[in-house]
Amino acid sequence: MLKSKLMNLLVTGAYLVSLSAFAAEVKLSGALTSGGLIIAEFDDAVAVQLNDEDLMLTETKQAVFGFGRDQQGKQRLSWHDSNGQQHEYVFTIAPRDYVIDRVDGVPQQTVTPDPEQQARARREAELVWQARDAAVTQLTEFLTPIIMPAKGRISGVYGSQRIFNGTPRNPHYGLDIAAPKGSPVIAPWSGRVILAEPDLFYSGGTLIVDHGHGVTSTFIHLDKIHVAVGDFITQGQRIADIGATGRVTGPHLDWRINWRHLRLDPALVVEHFSAAATNPVPPQAH
Ligand SMILES: [Zn+2]
């Protein structure tokens with residue numbers, strides 16, 4: 001017993017000297033920037049951590065994670081393999097520039113919700129939080145190439161922020177797709193419906209879908225929702241209609257992607273994980 005522990009220590013110690021040689025045993029796909037979703041594929045891993053936080057592993061040895069709008073810098077993946085050897089891979093998340101809209105010298109136009117509305121909005125935020133908290137499931141729908149959930153003009157991007165008279169407002173975390181009320185919203189990936197609320201204070205008709213391992217999609221300002229909590233929906237299925245519900249000025253889909261409670265950039269996910277991105281069309285012979 002003691003001897004085998006000592007052997008393990010020796011093996012680990014020997015391994016630590018040559019960490020960099022093992023970097024090839026993990027392959028990362030996705031955007032290594034703030035707001036990015038990343039899938040790590042391991043040759044041999046039985047337990048994986050990102051910055052000392054446990055990650056789930058698929059049967060095919062993949063782990064998914066992401067970084068929020070303002071996360072950047074060095075990150076550490078660590079794992080041990082089926083022989084009990086410890087591995088580590090350090091990588092860097094690059095910062096991004098976001099669209100910042102400064103509006104100065106304008107009269108403050110603040111529409112402050114009354115206390116009752118504020119209490120309602122807080123309760124609703126808690127519902128959304130709990131739905132995402134429970135979405136760390138074994139589904140692996142996020143491994144499928146993703147498709148856009150709606151057709152239309154991109155009218156708002158992730159990370160953008162308005163600064164009114166020097167006071168920053170909350171950044172925008174969705175990808176806005178403008179389209180007439182009633183236009184279809186289709187499932188970008190398959191998944192399980194975990195929240196379907198017709199009328200939340202800020203977000204109006206709101207739908208959240210679990211794609212597995214903490215990855216969720218959120219669709220807001222919906223006119224109609226065609227699915228219910230607990231339904232398993234398939235990629236491409238019409239799940240809702242675009243609307244202008246909640247606090248908005250016009251009909252659009254606001255689509256968000258989370259990993260756990262971190263808000264990611266849907267545009268980056270599409271850029272890196274659509275069918276076109278994952279299976280580039282081979283050059284035509286002529
Ligand atoms: Zn929006």
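## Core, sheet and strand S19 in a predicted model

Valine 64 touches Leu37, Ile39, Phe142, His213, Val215 and Trp259, when residues up to four places away in sequence are left out. The model is a predicted one, and Val64 is among the residues with the most contacts inside its largest nonpolar core, a group of 52 residues in which Leu37, Val185, Leu207, Phe219, Leu222 and Val269 are listed alongside it. This core draws at least three residues from each of domain 1 (2–93) and domain 2 (100–278).

The protein chain holds four helices and 20 strands, and buried residues make up 34% of its 286 residues. Among contacts between residues at least 6 apart in sequence, 67% join residues at least 24 apart.

Four of the strands form an open sheet in the order S4-S3-S6-S7, with antiparallel pairing. Strand S4 (53–55) and strand S7 (86–93) each have a single partner strand and stand at the edges, so one side of each is left without a neighbour in the sheet. From one strand to the next, the twist averages 30°.

Strand S19 (residues 252–259) is mostly covered, with eight of its eight residues buried. In a regular strand the side chains alternate between the two faces of the sheet. In S19, His252, Asp254, Arg256 and Asn258 point one way, while Leu253, Trp255, Ile257 and Trp259 point the other way, and all are buried. The antiparallel pairings of S19, together with that of S3 and S6, are set out below.

| Strand pair | Bridges | One facing pair of residues |
|---|---|---|
| S12 (175–178) and S19 | four | alanine 178 and histidine 252 |
| S16 (215–225) and S19 | six | serine 217 and isoleucine 257 |
| S19 and S20 (262–264) | three | tryptophan 259 and leucine 262 |
| S3 (47–50) and S6 (73–80) | four | valine 48 and tryptophan 79 |

S19 and S20 form a hairpin with two residues between them, and arginine 260 in the turn has a positive phi of about 50°.

Is threonine 234, placed in the loop between strand S17 (232–233) and strand S18 (238–242), buried or exposed? Threonine 234 is exposed, because 12 other C-beta atoms lie within 10 Å, and a residue counts as exposed at 12 or fewer. Threonine 234 nevertheless touches Ala187 and Ser190, not counting residues up to four places away in sequence. The C-alpha atoms of threonine 234 and alanine 187 are separated by 6.7 Å, although the two residues are 47 residues apart along the chain.

Notes: Residues numbered from 1 in each chain as written. Predicted model: local features only at pLDDT ≥ 70, side-chain atom pairs only at ≥ 80, totals over all residues. Core = buried A, V, L, I, M, F, W, Y, C linked by C-beta atoms within 7 Å. Buried ≥ 20, exposed ≤ 12 C-beta atoms within 10 Å, placed from the backbone. Domains from an automatic or database assignment. Contact = placed C-beta atoms within 7 Å. Pairing = 2+ DSSP bridges. Axes fitted to C-alpha atoms, helices over the stretch in contact; angles between N-to-C directions.
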